[in-house]
Amino acid sequence: MRPETRSELAQRLFHYLDTGTTAMAGAMFQNPVAAYTSDERLALEKRILFRDYPLLVAFSSQLARAGDYLTDDDSGTPILVVRTGSGRLNAFANVCRHRGARVVEGCGAGKWALGCPYHGWTYDLDGALIDVPGEAGFADLPREQHGLRRLAVVERYGLVWVRPDPTAAATAIDIDVQLGGLAAELESFGFERYHHFETRTLRPRINWKVAVDTFLEAYHLPALHARSVGPIFVGNLCAADAFGHHHRMIAVRRSFAEVRDRREAERDFLRHTIELYTLFPNTVFIHQADHVEVWRMFPGDTPDSATVRLSLYVPEAPATEKARQHWAANMQLAIDAVDVEDFRLGEGIQRGFRSGAQDHVTYGRNEPALIHFHRSLGRALGLDGAR
Ligand code: FES
């Protein structure tokens, strides 16, 4: 983030602190409960949001060297991303062109070819079919038409996005347009220098949007998190800014007031705030003083289930056991607050949705990020979304 931006945000946040106010949306927003429970809505979200939109799959540092690869199945399309010898990233549908087996499992390093485990068809890192065991059985096969199906991929600002739709690979992802003005800010963070510490998977029994919602307001911090992270933060106070369908929300720690009297160069705002970005449609990025949490939310098989991936990125690979334990404790703190407190409460919300007790939920003006997210979803899905 540019220093001028951080300084302007600080002035806004001081004003909210002084006046006991917060960023406000123009109006409340009422969302039908069916947005969280409808099978038709879920199918539409999977078809549009998790197929047509570029999804963040990794930091560049996870695929730093030639032969590094990873797979990602959460969108519904089995995705394979690999770094070639020339340094380019390729993304493919992880589906063998013989009879459809998964070609690669997991993630790792040192791949120089992609061999299918079923019958041994082998592809090079550009996806070309280069070996067919028992070739006589396939003498008439046009090999050039049986390479791995490409997916559109873009690597920028230390981040990697893939569009899961194999039929849209020819249309390049213009990520700067997609980012709606957020590109320069993402670039300023230098994410390419971050080290991937760990990714954990959670499978709460909630709609994937309930999982996103939990990050999009500071209103709940004093109540729900009273015995964990709540006392660290000022509740119901945030700065909020939209960037197209993406969003930035800044929440402040109680220590924030201390920096007011310091000289500008010594304020070190990041130690006293968290910068939370919603990267539409399914990623929440939390930038803190010395690390980045990336939460990626995906729909499950039903509207009542989700897969959540939490990845922790740190400034450098831990060189000592003490450093490793420090980051492991950070990871556990995040899990304890979100999985144990937010998602457990969310499971009650999801059951409440199913009870028929109400036909809509209400987002207050003091929850502007939440309102922006659901309005953006409505636009992307071609729905009004508001009552
Ligand atoms: S399905 Fe891959 S080689 Fe047969």
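Gly20 follows helix α1 and has a positive phi, near 65°. This is a predicted model, and that glycine is a good place to enter it.

Step back from Gly20 into the helix. Helix α1 covers residues 3–19, which makes 17 residues. At 1.5 Å a residue, α1 should span 24 Å. Its end C-alpha atoms are 24 Å apart, so the expected and computed spans agree.

Which residues of α1 are buried? They are Thr5, Arg6, Ser7, Leu9, Ala10, Leu13, Phe14 and Tyr16. Arg6 is thus on the buried list along with Leu9 and Phe14. The buried residues of α1 pack against one helix segment, α5 (183–188). They also pack against strands β13 (233–243), β14 (246–253), β15 (273–279) and β16 (283–287).

Now take the whole chain. It has nine helices and 19 strands. Among contacts between residues at least 6 apart in sequence, 64% join residues at least 24 apart. Buried residues account for 54% of the 387 in the chain.

Next come the overall dimensions. A compact globule of 387 residues would have a radius of gyration near 21 Å. The chain has 22 Å, which agrees. Along the principal axes, the C-alpha atoms fill a box of roughly 80 × 50 × 35 Å.

The surface and the charges complete the tour. The chain exposes about 17000 Å², and carbon and sulfur atoms supply 50% of that area. There are 44 positive and 49 negative side chains. The centres of these two sets lie 1 Å apart.

Methods
Residues numbered from 1 in each chain as written. Predicted model: local features only at pLDDT ≥ 70, side-chain atom pairs only at ≥ 80, totals over all residues. Heavy atoms only, no water. Helix = DSSP H or I, 4+ residues; strand = E, 2+ residues; numbered from the N terminus. Rg over C-alpha atoms; globule rule 2.2 N^0.38 Å. Buried < 20%, exposed > 50% of the residue type's maximum accessible area, 1.4 Å probe, protein only. Contact = heavy atoms within 4.5 Å. Areas by Shrake-Rupley, 256 points an atom, 1.4 Å probe, with all protein chains shown as cover. Lys, Arg positive; Asp, Glu negative; His and termini not counted. Charge placed at Lys NZ, Arg CZ, Asp CG, Glu CD. Expected span 1.5 Å × (residues − 1).
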